[in-house]
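Let us walk through this protein from its overall plan down to single residues. Keep the model in view while reading.

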Amino acid sequence: MATDAIFALASGRQPTYRPVNRTVDRVIYSGMAICVYIGFSPSYFRAGMMRAPLPSPILHIHGAVCTLWMLLFAVQAAFISARRVKWHRSLGTIAFCLPPIMIVLGVIAAIDALHRGVKIGPLDPAVSAAIPLIGIVGFTIVIYASWRARRRPDAHKRLILIATMGLVAAAFGRFPWARIGLPPAAGAVTGLGILILILIVYELI
């Protein structure tokens, strides 16, 4: 965003504004995209993407759509950084067609994993399927709130960031946590917690 509001207290004063540190914004946004690439690199990106030997055809579509969202996320952040707000808004109208597709595909992929008996670490298939489904519910709520807040740039920016963090959590779950004795589910929660902590610290500073 060009500016972020510092809201006035109940004294009735007009809100003041401060410039956003665009360098830090770029680091946060690009860092999230890099985390997604690292997490899915062995099984998807370096495996040829659509040629990757995934266990189900729906996962190819799911992976392609989520990858497109991350690319749009990076492009939209770049437009704002370059002060191309009109371009950002125009592309945003198209980009918001993706979340409903992502939500449906995510549910189908979770059900498909349940049918294949996929386990997250020591968790049984039912619990393993419940984890992404809970994440999909959270993504749905936050992405809808970001759409409602599209005319309030400060809120819209943060909500989009939080919604995308849920996708990054899936990538964190595929990091090599076993090397330090941490289960994949705990690793995903740890990575997501770190991202949220970074966002809170940044906002406070």
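**From contacts to residues**

Take the contacts between residues at least 6 apart in sequence: 54% of them join residues at least 24 apart. This is a predicted model. The protein has seven helices and two strands. Along the sequence, the pattern reads β-β-α-α-α-α-α-α-α. The two strands are therefore followed by the helices, with strands and helices taken as DSSP runs numbered from the N terminus.

Next, the surface. The protein exposes about 12,200 Å². Carbon and sulfur atoms supply 71% of that area. Of the 205 residues, 38% are buried.

Thr164 is a good place to look inside. This residue lies in helix α6, which covers residues 153-172. Is Thr164 buried or exposed? Thr164 is buried, because its relative accessible area is 0%, against a cut-off of under 20% for burial. Which residues does Thr164 touch, leaving aside those up to four places away in sequence? They are Met32, Trp69, Met70 and Phe73. Met32 falls within the range of helix α1, residues 22-45. Trp69, Met70 and Phe73 fall within that of helix α2, residues 57-81. Thr164 of α6 thus touches residues of both helices, by the DSSP runs that define them.

Now turn to helix α2 itself. This helix holds 25 residues. At 1.5 Å a residue, α2 should span 36 Å. Its end C-alpha atoms are 37 Å apart, so the two values agree.

Two backbone positions deserve a check. Most residues other than glycine have a negative phi. Arg83 is not a glycine, yet has a positive phi of about 60°. Where is Arg83 placed? Arg83 comes just after α2, in the loop between α2 and α3 (85-95). Arg83 counts as exposed because its relative accessible area is 59%, and the cut-off for exposed is over 50%. Met49 also has a positive phi, near 55°, and is a residue other than glycine. Met49 sits in the loop between α1 and α2. Its relative accessibility is 32%, so Met49 counts as partly exposed.

Helix α1 also takes part in the surface. Tyr37 is found in this helix, residues 22-45. Together with Ile34 and Ile38, Tyr37 makes a nonpolar surface patch of about 300 Å². How accessible is Tyr37? Its relative accessibility is 43%, so Tyr37 counts as partly exposed.

Charged pairs come next. Side chains of opposite charge can pair when their charged atoms come close. How many salt bridges does a search of the whole structure find? The search finds one. Arg116 pairs with Asp112, and the closest N and O atoms are 2.8 Å apart. That counts as a salt bridge because the cut-off is 4 Å. The partners fall in separate accessibility classes: Asp112 is buried, at 18%, whereas Arg116 is partly exposed, at 35%.

Last, the cysteines. How many disulfides does the structure hold? The count is zero. Cys35 is buried, with a relative accessible area of 17%. Cys66 is buried as well, at 16%. Both values are under 20%, which means that each residue meets the cut-off for burial.

Terms used
Residues numbered from 1 in each chain as written. Predicted model: local features only at pLDDT ≥ 70, side-chain atom pairs only at ≥ 80, totals over all residues. Heavy atoms only, no water. Helix = DSSP H or I, 4+ residues; strand = E, 2+ residues; numbered from the N terminus. Expected span 1.5 Å × (residues − 1). Salt bridge = Lys/Arg side-chain N within 4 Å of Asp/Glu carboxyl O. Buried < 20%, exposed > 50% of the residue type's maximum accessible area, 1.4 Å probe, protein only. Patch = residues over 30% accessible without salt bridge, like charges linked within 9 Å, V, L, I, M, F, W, Y side chains within 5 Å. Areas by Shrake-Rupley, 256 points an atom, 1.4 Å probe, with all protein chains shown as cover. Disulfide = S-S within 2.5 Å. Contact = heavy atoms within 4.5 Å.
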